Amino acid sequence: MTLIVNYDCLFIQVYDNLEDAKLGGPDAHKFVRKDPFIERIRRCHLNDLENIVPFLIIGILYVLTGPSVYAATWHFRIFVVSRFIHMFAYLAQLPQPSRATAMYIGWCATASMAVQCLQAGQY
């Protein structure tokens with residue numbers, strides 16, 4: 001996501017900060033503005049961070065419970081594919097419920113691992 005934002009900032013010439021825009025020349029103040037597509041990319045990136053960090057923490061705990069390799073692999077695959085679909089739906093501005101469906105599928109994979117971690121802790 002960072003590469004997409006940087007690419008768009010350089011070629012669309014949109015900057016958040018005046019010091020970044022000064023690289024563009026003497027008329028730098030013209031380039032300090034908000035671009036709707038770059039803001040969409042940033043929101044998508046924030047959404048990724050909000051979902052991937054909990055997944056990584058729960059995923060580590062899940063692996064420590066000693067699940068079958070098959071089950072763990074499918075949990076991880078489902079989550080990763082759901083995040084890629086979510087990112088594509090977000091950036092391509094696909095109509096809802098495409099983005100929400102991808103998000104809920106990822107949440108289900110994370111929730112499934114969390115439940116299994118809790119169940120493993122009860123014995």
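## A walk from Arg40 to Thr110

Select Arg40 to begin: this residue is buried, at a relative accessible area of 17% (buried means under 20% relative accessible area, exposed over 50%, partly exposed in between, with a 1.4 Å probe and protein chains only). You're looking at a predicted model, where local features need pLDDT of at least 70 and side-chain atom pairs count only at pLDDT 80 or more, while totals for chains, interfaces and linings use all residues. Residues are numbered from 1 along each chain as its sequence is written, and side-chain values use heavy atoms, with hydrogens and water left out.

Arg40 sits in helix α3, residues 36-64 (helices are DSSP runs of H or I with at least four residues, strands are runs of E with at least two, and numbering goes from the N terminus). Now show what surrounds Arg40: leaving aside neighbours within four places in sequence, Arg40 is in contact with Tyr90, Leu91, Gln93 and Arg99 (contact means heavy atoms within 4.5 Å).

Next, click on Arg43, also in helix α3. Arg43 counts as partly exposed, at 41% relative accessibility. Draw a distance from its C-alpha to that of Tyr90 and you should get 9.0 Å, for two residues 47 apart along the chain.

**The loop between α4 and α5**

Jump to Gln93, one of the contacts of Arg40. Gln93 lies in the loop between α4 and α5, and its phi is near 55°, a positive value in a residue other than glycine. Stay in this loop, between α4 (69-91) and α5 (98-121), and pick Pro97. The peptide bond leading into Pro97 from Gln96 is cis, with omega near 15°. For background, most residues other than glycine have a negative phi, and most peptide bonds are trans.

**The salt bridge**

How many salt bridges does the count come to? One, by the rule that a side-chain nitrogen of Lys or Arg lies within 4 Å of a carboxyl oxygen of Asp or Glu. Select Asp48 and Arg83 to see the pair, with 2.7 Å from N to O. The two are 35 residues apart and link distant parts of the chain, Asp48 in helix α3 and Arg83 in helix α4. Buried or exposed? Asp48 is buried at 9% relative accessibility, and Arg83 is buried with a relative accessible area of 7%.

**The largest pocket**

Keep Arg83 selected and add Ile52, Phe79, Val80 and Phe84: of the 10 residues that line the largest pocket, these five lie nearest its centre. Both α3 and α4 give two or more residues to the lining, and α4 has the largest share, with five.

**Out to the surface**

Now switch on a surface and colour Leu46, Leu49, Val53, Ile57, Ile60, Leu61 and Leu64. Together they form a nonpolar surface patch with about 710 Å² of accessible area (Shrake-Rupley with a 1.4 Å probe, where only the protein chains shown count as cover for residues). Patch members have over 30% relative accessible area and no salt bridge; nonpolar side chains (Val, Leu, Ile, Met, Phe, Trp, Tyr) are joined within 5 Å, like charges within 9 Å. Zoom in on Leu64, in helix α3, which is exposed with a relative accessible area of 68%.

**Last stop**

Finish at Thr110 in helix α5, buried at 11% relative accessibility. Not counting residues up to four places away in sequence, Thr110 touches Phe55, Ile58 and Phe79. You've already selected Phe79, in the pocket lining.

Definitions and conventions: 1 Å grid on protein atoms, 1.4 Å probe; cavity = no way out; pocket = protein on both sides within 12 Å on 5 of 7 lines; lining within 4 Å.
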